Structures are given as C-alpha cells and as structure tokens.
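Hello,

I am passing a structure on to you, and you will find it just below. Once you have had a look around, read on for a few notes on what turned up.

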Amino acid sequence: MTIIQELKQLFSAHFNTSPSHIVRAPGRVNLIGEHTDYNDGFVLPMAIEHAIYIALRAREDDMVRIYASNFDNTFSFELDNFSKGEMSPAEYVKGMTRALQNAEYALQGWDGVLKGDIPIGAGLSSSAATEMAIGQAFKAVGSVDATPTELAKMGQWVENEWLGLGSGIMDQMISASGQVGSALLIDCRSLETENVPLPENTAVVILDTGTRRGLVDSKYNERRQQCEEAAAFFGVPKLRDVIIEQFEARENQLDEMPRKRARHVITENARVLKARDALKGGDAATFGKLMDESHMSMRDDFEISSDALNAMVRHAQMHPACYGARMTGGGFAGCAVALVNRDGADDFARTVTAGYGAETGHTPAAYISQPTQGAGLLD
C-alpha cells in the first residue's frame, strides 16, 4: 500500500468522508554549506523523495482538526482562538497558521491527516517539510496565494519566533522550491536561487547513523551566537561579508571559539561556490573533494560532528564508488551524505552500512536519492 492510499484510508476512518486534496512537501539533504544559512551565506541542498503528506478537506467553520498519524495524536484549534503551547506536532501547525494570519490571509478551516516518511530527528528537515505542507494545505482550501519564497519565510518565522530556534531559511526554501534533477544553490541573503543539475551517472546516498539529537537541546543556538560574536569583531552584519584574507589577517585577535566557528563559515561559503561550479561542469571528483573538506571543517572547527558521523563518513570515503562524503544537517547526530557513482550505489549502500554497523553497534540505514520537486498539490 502506498502512503497516498494509507492517507486516504486514515482520512476516511477519522472523518467519515474522503479527502478533497492531498499535498506534499519534501524533506531535504544538504549537499554542502552547513551553518552558513543564518550567516547570510550560500547553501546547496536538494529536495528528497521522503516527504510530509496531508490529506484534507475544507470545513464550513473556522476549526482546524488534524490527526498526526506518525504520532497517533489528534489535535484541533479555532483559527481565531489559539495560542502557543508545549512543544508538540501541533505547534508547527499553529505556528504556520499564525504566520499566514500575520500576512493577513483569510484562512479556511479544514480536517486533515498528516503522515510522513522522513526519519524524525535525522537532520533531513521533517519540521520544515511539515511547515511547508501546512502552507500548501491552507492554499488548497482557501484564498492563500503565497509564493514558495513567502511560505519559506513564514516557516523560518515559525522556527525562530514561535518555537525559539535560531535556524536559517535553507530548509524551508528547498522544501518549497526544489526541482527534479537539480540541487538548489540558495543565496541566503537575497534568497536568489539557481538550479544546479547533478553530474550524469551520479547518485546521492543519505547515510543515517541511527543516532538522534534534538535541536533545542543541542549546541545549535550556541554556534549561532559565536558566529554573531565573530561578525561583530569584524564589524560586519554577518560572516558572509568576511573573506578568507580578512579573516587570516586578524584571526589571532579573536577568542578561540568564535575564531574556529568563523573559519568554518568563511571557508564553507567559498566551498559552496566552488561546488556549484564543479557540478555545473559535471566534475563529480572535485565536488566530492569539497565534500570531504567540508566534513573536516565541521569536525574540527565548527565541532558539530560525532563519533558515529565520523565513522560513517570514513566508511563512505573508503568505498571505490564514492566521490566524497560529509555529515549533513544541524550536527551532533543524524545523517551523512555521499555523492557516488550511480552504478555502484547499491553496493556502496550495503557495504558502508554493514561496515559502520559492525564498528559502532548502531543500526544504520541508507537511502539512494535523486533530487525531487518542492512542495505542492498532488491531488
């Protein structure tokens, strides 16, 4: 049974009718450009096949009522009478609702079943996908005509203001705007994007370490504060505005932690632009080398890797089909990502996960992926 069939069955079971619409918003894997987004820098993610889906039908009143299948949890609220509560799946729905109201959209109530196949906590942006799916749901039943970029900005507002996380806009932008066959270069200052096709006969393999972390409990916000401290030292709005020569001329005047964080961000921004050029030239080998360098920078300067992530990357880099590999996502746990020769992708996935599992005792997973379409209406 497909996830669409499951959704329709669940909707009928919970609401005694059939859904009128089904919307989808994908998760993402970031190929290169980590923790550069909130520094107004460059990122190069792609939308993946794993996604959040909502089957829904408009209501005659202003009630939103949702069954969150993955959590076996039902919640509801009135559009003109709700407030922030304890952290739960409902907060993503309420947060996007408030963001749309802040944009002065007149919203329509609806019943929905929300279900996803994005591994939770793996660093593949299930939260941003949920936000973008909620935006699509309101578009499907009402007069919302927000653009993908506008919805992405609303999703970031949910993370920053409603949930209190210091995250950037990359996750929402790629979930909203992904294109089949292409990664997406995002300038996180201007929000301009550029489709960057993957080289022929390559595949992206997402390597789940089987370890998890929570963004709020991680050192994510601390890293952002250290980046802001470094930017203030250089007298610029964001580290995006510092080039490597400026950094090297004054780095010895910085305290150790902001110095290391700044070095990662500044060199990572340069790597992303080189990676874009490599992909456009079909140069998988150069792109892979940049991925390897990115991992070392995150491990040693930004210090967001882990023993599990390092082990997974090491096993990936040992395989002959691998061009390059790195940890991906917020850090501390979750997934690595590798660019591989497509013909060797199946053997790569089997060999790497087996070797990693034997070494660490964790239960890994591998997903061979190609870039997919961003959020939208399916049915």
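A good place to begin is strand β9, which runs over residues 322–328 and is mostly covered, with 6 of its 7 residues buried. Please keep in mind throughout that this is a predicted model.

What does β9 pair with? Its partner is strand β10, residues 335–341, and the two run in the antiparallel sense, joined over 6 bridges. If you would like a spot to centre your view on, try Ala325, which stands opposite Ala338 in β10. Together β9 and β10 form a hairpin, with 6 residues between them. In that turn you will find Gly329, whose phi is positive, at about 95°.

Positive phi values also turn up elsewhere, in the loop between β1 and β2. Here β1 covers 21–32 and β2 covers 42–58, and His35 lies in the loop that links them. His35 is not a glycine, and yet its phi is positive, at about 60°. Is His35 buried or exposed? It has a relative accessible area of 5%, so His35 counts as buried.

Asp40 lies in the loop between β1 and β2 too. Asp40 is likewise not a glycine, but has a positive phi of about 65°. With a relative accessible area of 18%, Asp40 is buried, because the cut-off for that word is under 20%.

If you step through the model, you could visit the hairpin of β9 and β10, and then go on to His35 and Asp40 in their loop.

Enjoy exploring, and best wishes

Note on methods. Residues numbered from 1 in each chain as written. Predicted model: local features only at pLDDT ≥ 70, side-chain atom pairs only at ≥ 80, totals over all residues. Heavy atoms only, no water. Buried < 20%, exposed > 50% of the residue type's maximum accessible area, 1.4 Å probe, protein only. Helix = DSSP H or I, 4+ residues; strand = E, 2+ residues; numbered from the N terminus. Pairing = 2+ DSSP bridges.
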